[in-house]
Amino acid sequence: MPLPKPPATRAAILPATAYETQAAPKLARHRAQAGATSADDESARLALRNDSANGVAAPPTPVKAKATTPALAARKAPAAEPKPRKPRSTGPAKLFVLDTNVLMHDPMSLFRFEEHDIYLPMITLEELDGHKKGMSEVSRNVRQVSRELDALATDGQSGKFDPAEGITLAKTGHREAGGKLFFQTTLLDVKLPAGLPQGKADNQILGVVQSLREQFPSREVVLVSKDINMRVKARALGLAAEDYFNDKTLEDGDLLYTGVLPLPADFWERHGKTMESWSQGGHTYYRISGPLVPALMVNQFVYLESPGEAPLFARVTEITGKTAVLKTLRDYTHGKNAVWGVTARNREQNFALNLLMDPDCDFITLTGTAGTGKTLMTLAAGLSQVMEDRRYTEIIVTRVTVPVGEDIGFLPGNEEEKMGPWMGALDDNLEVLAKSDNSAGEWGRAATNDLVRSKIKIKSLNFMRGRTFLNKFVIIDEAQNLTPKQMKTLITRAGPGTKIVCLGNLAQIDTPYLTEGSSGLTFAVDRFKGWPHSGHITLARGERSRLADYASDVL
């Protein structure tokens, strides 16, 4: 190897690039020489930074101006400026006129319209003022809307704003809102059909929408209302009207996560070459890598049933990069694994009992039609873990008190006695579980019933705020009637060692203004999927009776 060139002056130090240039191959020498000047510049910058950090001002270093090629400039340009976020719609911003019920339903709806503008008629503010008193959910939402509007309308020290310019919705920290808020400050020339009474609030809002459409012919003016009749009247007058869709978790109930994934018939052929398997604690584990892994979620159940071969029932316990670990299940369809005398009658019930008996699963949701065994399995799993395993101290049962028909009025007694008529399903299932023990005799069953009753507490949903449940097995029945806010209130009551199980049938929602897409149960299923300490199963087959199964299908 040739030696590097000698230094030109006394006590000069050879740069490191001189050695690298001599040792590098001929093709890379030109690159090293071209990078020498940049290395010197970088060392000068480092020296300047170190001197500045030590409090000593470094002398300026003369740097020769280098010509930057267009290709290099084009390569560096995107890194200097962040890429702006593109709006979801490519057309001009719309003007949404909000009905009062939208603000009552979702107090944060002002900030859910992305880059579009919002217009509030004065009659909407009047209706909000009329509903601000009280302790109901609607009154709380109205007061929150008033606070948000007050924060938006306050402009610095003066407290004034220009109504014509509007208020930027992002000024209070909600960066997702890119539009402006406009208030009605002038009397608009409203011309409605003669058949509509002018004094009604809905008709005044319709008049505002029609006047805005005439005033801004180049913009799309849309009425947003939760009232179906309001939207029908608007469309009859030729006005654009929409429902408020932001409260819906899913547009279609069929897209809801089921918790179960059938494996393809060629699963072993496509994933068996790189598969690892081992046994631990009576379970067999499979580590797979292949095209199926991106579609899997933690605590999702998979099964493979092929004629002439042993079936595979497993649960995804771990996903790391491009690999996933499957764990075989405990067979609760066999009598030796019965839970408080209850055995699984189908595949989905077996999956559900594996979740209910798993101490690592803190939150479980079970959905299904009537008669699929949701309450019976949950109660049996709760009694087994409270009475036999001593894993939890007691069972707490609650539900929403929404009647199917007309309300029968006030109920006498204390909290538990008032909740008694709503807990008929609990009594029916306890009767089934008590009959399963035939060896104890009549006196033994009576003593067991008294002991079981002492471990079950019935609580009302109205008094859950501020509570904390420690080592409890909490059952939320008829959870499809909960709003997302009520569901959050209940789930956040869980303390250390508490398991919460939500049961519901999304086809039987009794709460007004709630649909399958906006139910709190749908909200919880969608948000908790894939969390390692939660699970969900959609029970498909009814096991109550042949009459109940046939009625669920044809009625």
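Buried means under 20% relative accessible area, exposed means over 50%, and partly exposed lies in between. The exercises below use this scale on a predicted model.

**Exercise 1. Place Gln210 and decide whether Gln210 is buried or exposed.**

Step 1. Find the element. Gln210 belongs to helix 7, residues 201-215.
Step 2. Read the accessibility. Gln210 has 18% relative accessibility, so Gln210 counts as buried.
Step 3. List the contacts, leaving aside neighbours within four places in sequence. Gln210 is in contact with Lys191, Leu192 and Leu239.

**Exercise 2. Describe the chain as a whole: its elements, its buried share and its contacts.**

Step 1. Count the elements. The chain has 17 helices and 18 strands.
Step 2. Take the buried share. Of its 555 residues, 39% count as buried.
Step 3. Look at contacts between residues at least 6 apart in sequence. Of these, 65% join residues at least 24 apart.

**Exercise 3. Give the strand order of the open sheet of 6 strands, then find its edges.**

Step 1. Write the order. The strands run 15-14-16-17-13-18, with parallel pairing.
Step 2. Pick out the edges. Strand 15 (456-458) and strand 18 (534-539) each pair on one side only.
Step 3. Add the twist. From one strand to the next, the twist averages 15°.
Step 4. Zoom in on one pair. Strand 16 and strand 17 are parallel and share 4 bridges. Here Ile475 stands opposite Val501 in strand 17.
Step 5. Add a helix. In helix 15 (residues 484-491), the buried residues are Met487, Thr489, Leu490 and Ile491. The buried residues of this helix pack against strand 13 (363-368), strand 16 (472-477), strand 17 (499-504) and helix 16 (520-528).

**Exercise 4. Find which residues touch the most other members of the largest nonpolar core.**

Step 1. Recall the background. In soluble globular proteins, nonpolar side chains tend to be buried together.
Step 2. Name the residues. The largest nonpolar core has 40 residues, and Leu356, Leu379, Leu383, Ile395, Ile456 and Ile537 touch the most other members.
Step 3. Find the main contributor. Helix 11 (residues 374-388) gives the most to this core, with 7 residues.
Step 4. Follow one residue, not counting residues up to four places away in sequence. Leu379 touches Ile395, Leu426, Asn429, Leu430, Leu433, Ile456 and Ile475.
Step 5. Look for another core. A second, separate core has 25 residues, including Met108, Ile118, Leu169 and Val222.

**Exercise 5. Classify two aromatic pairs by the angle between their planes.**

Step 1. Set the scene. The structure holds 10 aromatic pairs.
Step 2. Recall the cut-offs. Planes under 30 degrees apart count as stacked, and planes over 60 count as edge-to-face.
Step 3. Take Trp278 and Tyr285. Their ring centres are 5.6 Å apart and their planes meet at 5°, so the pair is stacked.
Step 4. Check exposure. Trp278 is partly exposed, at 29% relative accessibility, whereas Tyr285 is buried, at 15%.
Step 5. Take Phe528 and Trp531. Their ring centres are 5.9 Å apart and their planes meet at 65°, so this pair is edge-to-face.
Step 6. Check exposure again. Phe528 is partly exposed, at 24%. Trp531 is partly exposed too, at 36%.
Step 7. Note a cluster. Phe96, Phe113 and Tyr244 form one aromatic cluster.

**Exercise 6. Trace the pairing of strands 10, 11 and 12, following Ala314.**

Step 1. Start with strand 10 (residues 301-304) and strand 11 (residues 312-320). They pair in the antiparallel sense over 4 bridges. Val302 stands opposite Ala314 in strand 11.
Step 2. Move on to strand 12 (residues 323-328). Strand 11 and strand 12 run antiparallel and are joined by 6 bridges. Thr328 in strand 12 is the bridge partner of Ala314.
Step 3. Inspect the turn. Strands 11 and 12 form a hairpin with 2 residues between them, and Gly321 in the turn has a positive phi of about 65°.
Step 4. Look at Tyr303. The charged end of Arg347 sits over the ring of Tyr303, 3.9 Å from its centre.

**Exercise 7. Compare the settings of Glu114 and Asn299, residues other than glycine with positive phi.**

Step 1. Read the angles. Phi is near 55° for Glu114 and near 65° for Asn299.
Step 2. Locate them. Glu114 is in the loop between helix 4 (100-105) and strand 2 (117-120). Asn299 is in the loop between strand 9 (283-289) and strand 10.
Step 3. Judge exposure. Glu114 is partly exposed, at 23%, whereas Asn299 is buried, at 5%.

Notes. Residues are numbered from 1 along each chain as its sequence is written. This is a predicted model: local features need pLDDT of at least 70, side-chain atom pairs count only at pLDDT 80 or more; totals for chains, interfaces and linings use all residues. Side-chain values use heavy atoms; hydrogens and water are left out. Buried means under 20% relative accessible area, exposed over 50%, partly exposed in between (1.4 Å probe, protein chains only). Contact means heavy atoms within 4.5 Å. A nonpolar core is a set of buried Ala, Val, Leu, Ile, Met, Phe, Trp, Tyr and Cys residues joined through side-chain atoms within 4.5 Å. Rings of Phe, Tyr and Trp (its six-membered ring) pair if their centres lie within 6.5 Å; planes under 30 degrees apart count as stacked, over 60 as edge-to-face and the rest as tilted. A charge sits over a ring if NZ of Lys or CZ of Arg is within 6 Å of the ring centre and within 35 degrees of the ring normal. Two strands pair if DSSP finds at least two bridges between them. Axes are lines fitted to C-alpha atoms, for helices over the stretch in contact, and angles run from 0 to 180 degrees between N-to-C directions.
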